[in-house]
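Here are my notes on the model, for your review. Please read them with the structure open.

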Amino acid sequence: MIPRLVYFEPRLESTSEVKVFSLQSFVSGGEPGSRVLLDRYRTGFKGLLLQPVGVDSVFLVGPGTKLRIKEPSQRFCLWHTGDIAEKDNPLSRKYCVETVVTPQGFCPKHRNTLRAIYTLCFTLGGSGSLEYCRQLDKALAGEGRYSVYATVLHGKVKVGSTRSWRYIERLAEQPHSVSTVLVETTSSYEARGLELRLGRTSGLTEHLKFEFRKMLEEDLARDVNVLTNKLRKLSQQGFAFEVGKLVKVDADDPALLRAVSERRVSELSDKTLELVSYYSGYIVFYDPAESAYAAVRANQLLHGDSVVVLS
C-alpha cells in the first residue's frame, strides 16, 4: 500500500490571552507588557489514506489498525484530483498510479500539470520558484489565497507560506511552539517572494528541524515573546507586520508523547505495529512486542510502497 496522506482535522480547543513583554518592559519605568490572543488546536488525527498499488482510489485506516512498514522500493507520482485553490475531500481523490521521474515527485504525464507547478512554486529552493508562482497565478486568475506565516520553537523563528485554507493543517505538520500569520494575499508570487526575502533576513530561516524528543521540550512563554519581539523589529526594518492572533496546534494526547521514541523505518521493518497518532511530521505507532511507542518521520513513508495492512 502507498500512504498518500496523514489525514487529520484540527479542532479549536481554547482561546486565551498571553502576556507579551517588549524589551522596554524590563527597564525601570518602561512600557507595560501587552496581551495577545492565542488559539490552541488539537491535531484531530483520523488515520492514513492508503492507495493500493495500481489502483487510483484511496481508503482510510484509522487508529488501532495493525500494519507493517518498510523502506519504500519505489515512489509514486504526487498528482491527484484534489482542487488547488480550495479545500477538498481527500477521501474522494483519485491518485496517479505511475512512479516518479522528476525530483519534485511527478511522472511524465503529470510533470507539467497545475499541481506540479504549484509544488515547484512552494518547494523549489531559491528565486527559481518564482517563475512557477507566476504561472500558478495566471492559471488560477486570482482564485487562490495564500498566507505568509512565522513560527518559533526554542527561540528560533521560521517563515513559511501556504494556501490560506491549509494554514492550521500546515502548522500541525511541522515543529512549532507558536505561530502567527503575517500577510494574506491572492498572489502566490507575492507570498513566496516575501517568504524568500524574510528567509534571508537576519534571525529568520525557511527551515527548522528538531529531533522528536527536542520538540517536546518547548517553552511557550519564552517563544511567544521571541516571536512577537522579532515581528516588532521587522516592522522597524520596513516590513509592515503587526502582532496578531497567535496559533498553536497541540498533540491529541500530549501525555502519550512522553513515552514515544523516534525510530528509523529500518528498525521497525517486519514488526506488527498499531497505528496510534500523528504529531508535527511524525507518525506514532505502538509496538506490542516491545510494549513501546515509536515515532517515524512521515516523509519516510508517504508516496512509497511502504505499508502492509494486517487488520
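The points below run from the whole chain to single residues.

1. Basis. This is a predicted model, in which local features need pLDDT of at least 70 and side-chain atom pairs count only at pLDDT 80 or more, while totals for chains, interfaces and linings use all residues. Residues are numbered from 1 along each chain as its sequence is written, and side-chain values use heavy atoms, with hydrogens and water left out.

2. Overall fold. The chain holds eight helices and 16 strands. Both are DSSP runs numbered from the N terminus: helices are H or I with at least four residues, strands are E with at least two. The C-alpha atoms fill a box of roughly 65 × 50 × 30 Å along the principal axes. The radius of gyration is 20 Å, which agrees with the value near 19 Å for a compact globule of 311 residues. That radius is taken over C-alpha atoms, and the globule rule is 2.2 Å times the number of residues to the power 0.38.

3. Burial and surface. Of the 311 residues, 49% count as buried. Buried means under 20% relative accessible area, exposed means over 50%, and partly exposed lies in between (1.4 Å probe, protein chains only). The chain exposes about 14500 Å², with carbon and sulfur atoms supplying 48% of it. Areas come from the Shrake-Rupley method with a 1.4 Å probe; for residues, only the protein chains shown count as cover.

4. Contact range. Take the contacts between residues at least 6 apart in sequence: 71% of them join residues at least 24 apart. Contact here means heavy atoms within 4.5 Å.

5. Main core. The largest nonpolar core has 34 residues. Such a core is a set of buried Ala, Val, Leu, Ile, Met, Phe, Trp, Tyr and Cys residues joined through side-chain atoms within 4.5 Å. Leu 136, Val 178, Leu 198, Leu 227, Phe 241 and Leu 246 have the most contacts inside this core. Helix H6 (residues 220-236) gives the largest share of the core, five residues. A second, separate core has 29 residues, among them Val 61, Leu 67, Leu 275 and Leu 302. In soluble globular proteins, nonpolar side chains tend to be buried together.

6. Two core leucines. Leu 246 lies in strand S11 (residues 246-250). Its relative accessibility is 0%, so Leu 246 counts as buried. Beyond four places in sequence, the contacts of Leu 246 include Val 18, Val 36, Leu 37, Leu 38, Asp 39, Val 224 and Leu 227. Leu 227, with the same sequence neighbours set aside, is in contact with residues including Ala 150, Val 152, Val 157 and Leu 246. Val 178, Ser 179 and Thr 180 appear in the contacts of Leu 246 and in those of Leu 227.

7. Helix H1. Is this helix enclosed or open? Eight of the 10 residues of H1 (residues 114-123) are buried, so the helix is largely enclosed by the rest of the structure. The buried residues are Arg 115, Ala 116, Ile 117, Tyr 118, Thr 119, Leu 120, Cys 121 and Phe 122. Their cover includes helix H2 (129-140), strands S7 (146-153) and S8 (156-163), and helix H4 (188-199).

8. Backbone to check. Most residues other than glycine have a negative phi. Asp 270 has a positive phi of about 70°. Asp 270 sits in the loop between helix H8 (265-268) and strand S13 (273-279), and counts as exposed at 66% relative accessibility. Ser 280 also has a positive phi, of about 50°. Ser 280 lies in the loop between S13 and strand S14 (282-287), and is buried, with a relative accessible area of 5%.

9. Glu 169. This residue is in helix H3 (residues 167-172). Glu 169 counts as buried, at 14% relative accessibility. Leaving out residues up to four places away in sequence, Glu 169 touches Phe 8, Pro 10 and Lys 87. Thr 43 is 126 residues from Glu 169 in sequence, with 8.2 Å between their C-alpha atoms.

10. Val 97. The loop between strand S6 (66-69) and H1 holds Val 97. Val 97 counts as partly exposed, at 30% relative accessibility. Leaving out residues up to four places away, Val 97 touches Gln 51, Gly 54, Val 55, Asp 56 and Phe 76.
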